[in-house]
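Me: I have a model open and want to learn how to read its features one by one. Where do we start?

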Amino acid sequence: MALENAVHSENQNDAEPCLTRQAAYEAAIPTPAAAASTSSGLLSTVASRGREAINGKRLNGSFENIIGARGALRDVLDLVRTVAPTDSTALIEGETGTGKELIARAIHEHSTRRDRSFLKLNCAAIPIGLLESELFGHERGAFTGAVARKVGRFEAANQGTLFLDEVGDIPRELQPKLLRVLQDGEFERLGSTQTQRANVRLIAATNKDLAELVAQNQFRRDLYYRLNVFPIPVPPLRDRSGDIPLLVTHFVRIYSERMHKQIESIPAEVMEALVGHSWPGNIRELQNFIERSVILTGGKTLRPPLGGLRQTAEIDSLKPVTLEEAERQHICKTLEHVHWVVSGPRGAALRLGLKRSTLYARMQKLGIFRGRSQAFGNKSFHAPFSA
C-alpha cells in the first residue's frame, strides 16, 4: 500500500496539504515505466485526506513550514526538537539559501518563548557604523542624526528570541559587547551610562566557517565558544536531492495559485532535470526558478526554461573544487543513492570500498549527516515523514 505524506504551505491559512505518493520519496524522480508526465495527483489538493494527515500521527512533529522527507533534514529537525525547550544558544550553520531562518523560527515556535516576540537582524545588511545601535539602541544625541531614543533589538526582544543572521559579519570591535550581553544579559545604549538588562534567547546563523575566522584572528575565540553551544548544520540542497520533488510540487502549487493558473502536471524529464541539478543557490534558487517557470507556463503542464539550468551547470563545472569538497560530494551522492544505508552488501561503505568505521569517520570529519535509516545487515528501516 502506498504511503502518503502531507506537505504544508506556509502561504495558506487553512494549511490544506498536497498529498504526494511515496514513490516520489523513494525514487526522487518518475520512473521510465510511468506516464509521460508526473501524475496530476502531485499537484491536487485532497482536503479530506489532508485533514486525516493533520489529525493523525505527525511524523515530523509539526514543522509545518519545512518541506523535507529524508535523512539529512530529519537529523536537523531532531536537533531542533532537542534544543528548542531549553534557553541555550543555537548556532545554525549552512550555505546561503538553505533555510536557516526557517530553522530558527522552528526553534522559537517549539520553545517556551513561543508566545513572545521573535525578532531577526541580518548583521551583513546593516552598515558597520549602525550595527551597534541596531543591537543595543541609542540615546538622543548619541551621534549625528540621533534625534530620538532608539530601542535596540536585544531590548525589544526581552523575554523572547533574537535571531542574528550572518553573525560572522559582526565587526571584531563590536564582538566584546555581544559576548557581554550573552554572558551577563547586560548592555548600554549608545550615549548612555545606564546599564540595561534583557532576558533573550539568542539564535545565530552563519554561512561562514567561524572556526576558520577564529584561526585568522577575525572572530573572537571566546565569542565563538559562547555561540557554538549547540551547533545545527543545515545541509545544502545538493545533499537533499530526494526532497527536490516535494519542494518543486510545493512551489508550483504556491505560484500557480498566486498567479491564478492551473498547472496540473510536471513532465518526467523536467523533474529528472530538476533533481539532477546541483542548485548552488540552494532552496532560494530553486524557488526563484519555479516562480519563473510558472510565469512562463501557458498551459496545464509546467514548462520551465531548462536551458538556463544547463548553462548554470556548465559554469559551475568550471569552478575549482577542493579535494575535500569533491570527496564530500561523492560520499553524499553514494549515501543518497543507497538511501543512507552504510553497512551490508547494499551499503555505501561497500560501494565506496571502505570499512564501515572508516566511512563513519570520514562522514564525521566532513560534516555529513547520516539519516535515521538504520542498517541491519542487508536490511534497512526508513521512516517516511512530512515536514
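Me: Is histidine 260 buried or exposed?

Reply: Keep in mind that this is a predicted model. Burial is read from relative accessible area, and over 50% is called exposed. Histidine 260 has 73% relative accessibility, so it counts as exposed. The residue sits in the loop between α10 (244–258) and α11 (268–276).

Me: What is the sign of phi at histidine 260?

Reply: Positive: phi of histidine 260 is near 55°, in a residue other than glycine. Tryptophan 279 also has a positive phi, about 50°, and is not a glycine.

Me: Where does tryptophan 279 lie, and is it buried or exposed?

Reply: Tryptophan 279 is in the loop between α11 and α12 (282–296). Buried means under 20% relative accessible area. Tryptophan 279 has 0%, so it is buried. A loop position alone does not settle burial: histidine 260 is exposed, whereas tryptophan 279 is buried.

Me: How many helices and strands does the protein have?

Reply: The protein has 16 helices and 13 strands. Of its 387 residues, 46% are buried.

Me: What share of the contacts joins residues 24 or more positions apart?

Reply: Take the contacts with a separation of 6 or more: 73% of them link residues 24 or more positions apart.

Me: Now the interior. Which residues have the most contacts inside the largest nonpolar core?

Reply: A core is read as buried nonpolar residues joined through their side chains. The largest one here has 29 residues. Leu135, Phe154, Leu164, Val167, Leu178, Phe219 and Leu227 have the most contacts inside it. Elements giving two or more residues to this core are α5 (128–136), β7 (161–165), α7 (175–184), β10 (201–206), α8 (210–215) and α9 (221–227). The largest share, 4 residues, comes from α7. There is also a second, separate core of 25 residues, which includes Leu246, Met271, Val294 and Leu309.

Me: Which residues does valine 167 touch?

Reply: Skip residues up to four places away in sequence. Valine 167 then touches Leu91, Cys123, Leu178, Ala204, Ala205, Thr206, Leu210, Phe219 and Leu227.

Me: And valine 181: in which helix does it lie, and what is it in contact with?

Reply: Valine 181 lies in helix α7. Its relative accessibility is 7%, so it counts as buried. Beyond its neighbours within four places in sequence, valine 181 contacts Phe136, Phe154, Glu186 and Phe187. For a distance along the backbone, take asparagine 199: it is 18 residues from valine 181 along the chain, and their C-alpha atoms are 9.3 Å apart.

Me: How many disulfides does a search of the whole structure find?

Reply: First the general idea: a disulfide is a covalent bond between the sulfur atoms of two cysteines. The search finds 0 disulfides here. Cysteine burial is a separate reading. Cysteine 123 has 3% relative accessibility, so it counts as buried. Cysteine 332 is buried as well, with a relative accessible area of 6%.

Me: Last feature, the cavities. How many of 30 Å³ or more does the structure hold?

Reply: The structure holds 2 cavities of 30 Å³ or more. The second largest encloses about 70 Å³ of space.

Me: Which residues lie nearest the centre of the second largest cavity?

Reply: Its lining has 10 residues, and Asn65, Ile66, Leu102, Ala106 and Glu109 lie nearest the centre. By class, the lining splits into 4 nonpolar, 3 polar and 3 charged residues.

Key:
Residues are numbered from 1 along each chain as its sequence is written. This is a predicted model: local features need pLDDT of at least 70, side-chain atom pairs count only at pLDDT 80 or more; totals for chains, interfaces and linings use all residues. Side-chain values use heavy atoms; hydrogens and water are left out. A nonpolar core is a set of buried Ala, Val, Leu, Ile, Met, Phe, Trp, Tyr and Cys residues joined through side-chain atoms within 4.5 Å. Buried means under 20% relative accessible area, exposed over 50%, partly exposed in between (1.4 Å probe, protein chains only). Contact means heavy atoms within 4.5 Å. On a 1 Å grid over the protein atoms alone, a cavity is a set of points where a 1.4 Å probe fits but cannot get out, and a pocket is an open set with protein on both sides within 12 Å along at least five of seven lines; lining residues have an atom within 4 Å of a point. Grid points are joined across faces, edges and corners, and a volume is the space filled by probe spheres set on the points. Ala, Val, Leu, Ile, Met, Phe, Trp, Tyr, Cys and Pro count as nonpolar, Asp, Glu, Lys and Arg as charged, and the others, Gly among them, as polar. A disulfide is a pair of cysteine sulfur atoms within 2.5 Å.
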